[in-house]
Amino acid sequence: MAASTTTDMITLTIDGKTATVPKDTLVIEAARQVGVMVPHFCYHPKLSPDANCRMCLVEIEKMPRLQTSCSTPVAEGMVVKSESSAQAQDARKSVLDFILANHPLDCPVCDQGGRCDLQDFSHEYTATTSRFNELKRVFQKEFFSPLIETQMNRCVQCLRCVRYCDQVMDVKALAPVGRGTLTEIKAFGTHELDCEFCGGCVQICPVGAITSRLSMYEFRPWMLKRTDSVCGFCGDGCQITFQTKNETLIEVNSTHGAGRNNGDLCARGYFGYHVSVHPDRLTTPLIREGSVFREVTWEEALELVAQRLSEIKTTHGPDAIGGLITGRCTNEDVYVFQKFMRGVIGTNRIDSSVRYGHLNGVHAMQRVQGTHRWTVNFEDVVSADVLLLVGTNITETNPITGLKVKEAVKRHGAKLITIETLEPAIGAISNIVNLSQHHLGVKPTAYGSAILGMLKGVIEQNGIDPDLQTMAPEYCKDITAHIQAISWSEIEEQTGLTSSLFEKAAKVFVQGLKAVILIGSGVLRTSGGFGMTVNLLDLLLMTGKLTKEGCGLAPLAEENNDQGTFEMGGIGAMLPGGKSLGDTEARNMFSQAWGRTVSDLPGSSLPQMIEEATNGNLKSLFIVGENPLASLPPSSGIHQALGNLEFLVCQELFMTETAQQAHVVLPACSYAEKDGTFTNTEGHIQPVRKAIEPVGESRPDWEVFSALSVGMDDPMEYLDVKEIGKEIRNLLPGMRTLGPAPLPAQPDSSAISRYVNSDYKRDLSARYQLPPRMSSGQGHVVLMVSQSLFHSGKFSLKAKGLMQIQSEGKLFLHPKDAVRLGFDEGDRIRVFNGLGEVYTKVAFRERTPEGVVVFPEHFDREIRRLLPYTVDPETQVPYCKLAEIQLGKIVAS
Amino acid sequence: MAQYEKILLKNMEQPGYTGSLADYERADGYQALRHVLKEMQPDQVIEEVKTSGLRGRGGAGFPAGVKWGFIPKDHPGPKYLCCNADESEPGTFKDRQLMERDPHQMLEGMVITCFAIGAQTAYIYIRGEFRLGTKILEQAVQEARTAGYIGENILGSGLTVNIYVHPGAGAYICGEETALLESLEGKRGMPRFKPPFPATHGLYQMPTVVNNVETLANIPHIINRGGAWFASIGSQPKSCGTRIFCLSGHVKRPGNYEVPLGIPFRELIYDLGGGMRSDKPLKAFIPGGASAPFLTPDHLDVKMDFESVAMAGSMLGSGGVTVMEEGTSMVWAALRLMEFFYHESCGKCTPCREGSSWLLQTLQRIWGKQGRPEDIGILEELCGNIAGRTICAFGEAEVAPIQSTLRHWRDEYETLIREAQATRPRKKDIPVFTH
């Protein structure tokens with residue numbers, strides 16, 4: 001609060017203690033700051049005050065009656081009495097008397113018992129006998145949902161859950177129903193709860209009225225051991241607390257004020273934790289014998305792997321071996337893995353799941369602004385006055401970043417521009433475009449055209465930054481010329497939107513003082529993704545926002561440690577710290593530090609490795625946590641490539657499709673069983689802590705690489721994760737900064753200058769032309785395979801809670817399309833194109849535009865056969881999320 | 001019997017008066033609006049209403065002109081007027097008559113009010129059960145719109161006022177102004193805590209005036225005949241003008257009576273109302289709707305103005321005077337009202353929500369001869385724990401019947417409890433608490 005002057009500060013006394021707080025602070029908060037805890041149920045710092053529980057009544061001098069401290073702002077010279085007021089104490093006692101009158105007092109079977117506000121306050125204020133001698137009102141138990149149970153007899157009607165669901169989540173799934181003492185919290189309407197299942201209502205309930213079914217009756221709160229860690233699903237990097245009892249995972253929650261998520265979670269974070277303790281977890285190393293696997297000891301497995309890798313290296317050279325690691329591993333795992341591949345094996349043939357899309361964002365940022373991280377953080381998103389979302393229903397892919405967007409729009413009045421396929425529609429899952437003031441709804445194949453439309457809008461309104469025009473006149477002129485060569489009618493034809501929509505949105509964008517562009521898989525994982533990302537950076541550059549504080553581009557990381565995997569050298573061509581392999585100085589630095597020569601032969605991307613394996617140059621793959629057979633469509637040639645390998649090692653949690661092809665399978669630990677760090681999408685490095693002992697004989701990934709290096713007579717030994725961290729820190733100063741909030745990266749002016757002076761020319765015409773129109777034939781629709789809120793990759797399919805919400809994939813289409821084609825909800829239909837034909841169930845979604853169908857990628861086992869596969873010429877990112885398809889009824893033969 | 005000049009009921013009591021626009025215009029309707037648009041500035045209108053001393057006719061009696069003066073003049077966004085036509089106080093039925101029989105009187109008042117406060121949009125939040133009133137008002141709004149009294153560029157003055165009729169959905173609490181605003185916004189009708197007051201943060205968080213039907217109906221007359229004229233009627237200086245009192249209960253001639261503020265209750269009940277129905281002595285009366293504490297025959301000479309009734313320990317409230325004759329059980333009367341309040345408590349504040357069912361069940365037991373000696377103490381304490389500790393005035397309202405009957409007729413409670421102790425009824429006689 002550097003800006004606050006004396007006039008903004010207010011001094012008051014609370015129970016005789018002097019508090020000096022900023023103006024507009026609520027009395028209850030001022031009291032907390034001087035150590036006076038005013039009891040309350042309905043107040044919560046995240047929510048607007050409702051003053052309904054009447055528990056926080058205090059006496060304020062010169063005010064006629066008791067006031068609710070949760071709704072009264074402080075005033076100069078105010079004299080507040082809380083604990084020192086007999087009247088207030090008496091009022092609180094009576095409020096508890098009232099609440100307990102109808103309360104079932106079933107604490108012995110209540111999961112909240114031991115951490116319940118009602119219990120605590122009762123203990124503090126109430127006499128042990130009640131004079132309530134009447135009949136208690138009883139609500140019948142009802143089935144609320146598979147995951148959340150309500151026990152309305154315990155409810156204190158504080159409406160925190162209802163307000164949270166509306167104000168924070170923007171979902172509005174809950175409502176108080178009935179009047180007076182018969183008020184109960186229900187789902188709107190007569191159906192069971194159908195919502196985002198963020199678990200927020202469970203977390204925010206001060207009593208045991210709303211509880212999780214996943215952990216029901218399994219614990220008493222005081223038996224739980226708490227371990228603060230980081231969620232292992234998406235790139236948001238939410239701080240979670242594992243609650244364990246005797247090495248069993250009981251539940252996961254997050255505390256208000258904790259982590260980047262401020263205690264908010266999504267369905268994956270709150271209900272997805274069983275993934276670590278699924279019965280299918282691999283518990284012992286396995287060696288293939290013919291068509292079956294034999295359980296072996298770690299010694300035997302490691303010995304075989306070390307021996308075979310050494311043989312292949314000797315016979316065919318180190319580049320006959322490739323490595324592939326998942327972005328779900330910790331930074332330490334990835335670091336040791338790439339060090340093993342580069343140092344011990346001697347190859348740069350390393351790739352990771354960053355390749356699936358996040359790399360487009362990182363490379364574009366490196367190219368234009370010289371950073372491999374965001375130049376903004378979550379705080380900037382919240383305080384932005386203009387947000388542009390491209391190709392992402394952020395709620396589903398990165399729900400917590402989505403909450404920051406919602407906060408910016410709903411609480412701070414930020415303007416939201418969206419270039420998105422999904423249309424505004426009320427549904428069970430909050431649809432970010434519902435909040436959009438300027439929604440540019442385009443087909444998933446037209447994002448590039450819409451981005452050009454935005455740029456054209458900016459240029460036509462003379463929105464180009466004057467400083468940039470002076471600094472890089474040629475750049476401005478070239479881009480303007482290329483943009484002006486594209487006519488509005490062409491853009492209108494491609495996007496189906498009128499030019500005035502682009503002009504209005506562009507105007508809002510230009511006027512924004514703090515503008516953040518958030519991009520998701522719609523851009524990063526579809527054809528032309530790299531070019532589109534660079535064009536969005538052009539948009540920031542042209543409007544003078546690229547280097548402005550609080551402005552920037554934010555590519556959303558899909559997996560929990562995509563960002564860290566890149567930074568730890570999980571891409572063959574990039575050394576740890578985001579340095580290029582071609583950078584001799586950097587390569588020498590690592591060679592020297594590791595005592596092993598880092599080869600200067602360029603690494604290979606996954607698409608290249610597929611090619612190399614197919615033509616026999618790649619003999620062996622070491623795959624850690626990746627499942628390319630399930631991530632890539634058959635059209636990529638991955639089946640044949642893996643079949644060609646002499647030796648395939650998979651280090652995995654589960655027996656995946658890829659692991660089934662392996663010669664050796666090594667059981668690895670999940671994020672709940674190991675220490676380390678994850679780097680979230682903003683570039684914030686956070687500690688992951690071991691909550692339970694490794695399942696079976698599974699081991700942390702880095703331990704396996706270390707053991708293998710010993711087996712290959714080139715030992716890289718570490719005592720523990722801290723030692724790896726120390727090595728990383730020494731090599732990359734500032735890399736492992738742990739703190740409450742990340743400092744955003746600063747744009748590098750030399751990189752920008754290189755870009756605007758020459759580098760932009762390299763692919764200018766390719767980037768500034770409309771994509772060729774897809775020749776949609778009659779009856780063709782666009783299939784978009786995308787992420788669901790309730791799952792993360794194929795990993796979450798092992799989380800029983802999430803499977804209870806969504807256990808199968810359905811093809812979502814607009815009801816009008818369905819009527820046109822004669823489908824009923826739930827029908828099994830035929831989906832086909834030149835690549836094949838599959839059958840699937842259909843479901844209706846108003847938000848899916850006509851002419852587009854959406855299928856959740858997690859269940860794409862069948863439907864991915866229809867996906868064509870292309871590779872980005874610059875970043876080697878494989879594109880396989882869109883297809884032209886046709887739909888038909890299944891004709892009984 | 002004294003004869004008083006009627007102001008609000010004058011038109012409708014003319015033979016053949018239908019309340020149509022033509023009838024209203026024949027009775028000099030919309031002349032006040034013409035005058036205002038031609039001759040007056042908004043501030044002058046507010047000043048005139050302040051001069052008149054007109055106080056809110058909904059229940060709280062807040063000076064209308066002062067309320068309008070709270071609306072920020074330089075507010076950039078929209079401002080609103082809401083007409084509170086959710087008349088749901090038991091024993092009150094005056095607004096219904098004003099709306100059904102002379103709707104344009106109130107509409108004219110609304111347009112003038114909108115002019116004064118700078119609102120372009122006004123809503124009539126009408127009680128859902130008033131189907132006929134809703135229909136009549138909708139027709140009247142349509143008529144007035146066609147005639148150019150409502151809509152854009154009213155009478156060529158450039159003033160725009162749109163009026164919408166919005167029926168409620170059957171909740172007593174929606175007559176409370178902030179709950180009304182919530183309901184109008186499409187939310188569950190529950191009161192908001194104050195401050196901020198509707199004058200600055202009302203409908204959709206914009207400056208809003210909420211006025212009762214009768215209050216607004218008075219406006220054209222104040223404009224036509226002057227604030228000073230209005231202030232000369234009634235009991236000066238604080239209770240000016242006439243008021244429509246709704247007389248009901250054990251009287252010979254129940255109905256609406258428009259009289260100057262300040263006549264004694266005795267005059268209303270015995271002279272105008274014709275006295276007690278069966279000529280039994282009067283035992284008790286409620287002076288201002290169900291939320292007002294009971295008064296006794298000792299209070300018959302209290303003047304019917306805001307201050308005098310308050311001095312007597314009750315309130316003039318909504319103007320619903322309900323009379324009870326000797327032989328009425330005051331415990332039963334309190335129970336009957338408590339059933340109403342239990343049913344209507346919205347459930348937002350803990351004391352009211354939980355307290356209403358506790359009070360009701362205790363009263364049911366006492367009335368059902370299941371009372372215990374300590375029950376009276378519990379009732380008194382519960383009432384004390386509810387009143388003044390809730391967001392809205394419902395808390396005070398629901399305990400009023402119990403507190404006042406305990407004050408004046410405590411012996412009736414004691415008798416019932418004594419009998420309960422003596423007779424010990426058989427189990428099947430015990431009333432069962434039902435929702």
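Gly370(A) takes a positive phi of about 70 degrees and lies just after helix H9(A). The model is predicted, and the angle is a computed value. Helix H9 of chain A covers residues 358–369, a run of 12 residues. From its first C-alpha to its last, H9 of chain A reaches 16 Å, close to the 16 Å expected at 1.5 Å a residue.

The surroundings of this helix were examined next. Of the 12 residues of H9(A), 11 are buried, so the helix is largely enclosed by the rest of the structure. Towards the start of the list of buried residues stand His358(A), Leu359(A), Asn360(A), Gly361(A), Val362(A) and His363(A). Ala364(A), Met365(A), Arg367(A), Val368(A) and Gln369(A) are buried as well. The cover over the buried residues of H9(A) includes two strands of chain A, E20 (515–519) and E21 (552–555). Helices also contribute to this cover, including H18 (521–524), H19 (529–542), H20 (562–567) and H28 (749–757) of chain A.

The chain as a whole gives the setting for H9(A). Chain A contains 31 helices and 36 strands. Its C-alpha atoms fill a box of roughly 85 × 70 × 70 Å along the principal axes. The radius of gyration of chain A is 29 Å, which agrees with the value near 29 Å for a compact globule of 893 residues. Buried residues account for 57% of the 893 residues in chain A. Of the contacts in chain A between residues at least 6 apart in sequence, 74% join residues at least 24 apart.

Technical notes. Residues numbered from 1 in each chain as written. Chains lettered and ligands numbered in written order. Predicted model: local features only at pLDDT ≥ 70, side-chain atom pairs only at ≥ 80, totals over all residues. Helix = DSSP H or I, 4+ residues; strand = E, 2+ residues; numbered from the N terminus. Rg over C-alpha atoms; globule rule 2.2 N^0.38 Å. Buried ≥ 20, exposed ≤ 12 C-beta atoms within 10 Å, placed from the backbone. Contact = placed C-beta atoms within 7 Å. Expected span 1.5 Å × (residues − 1).
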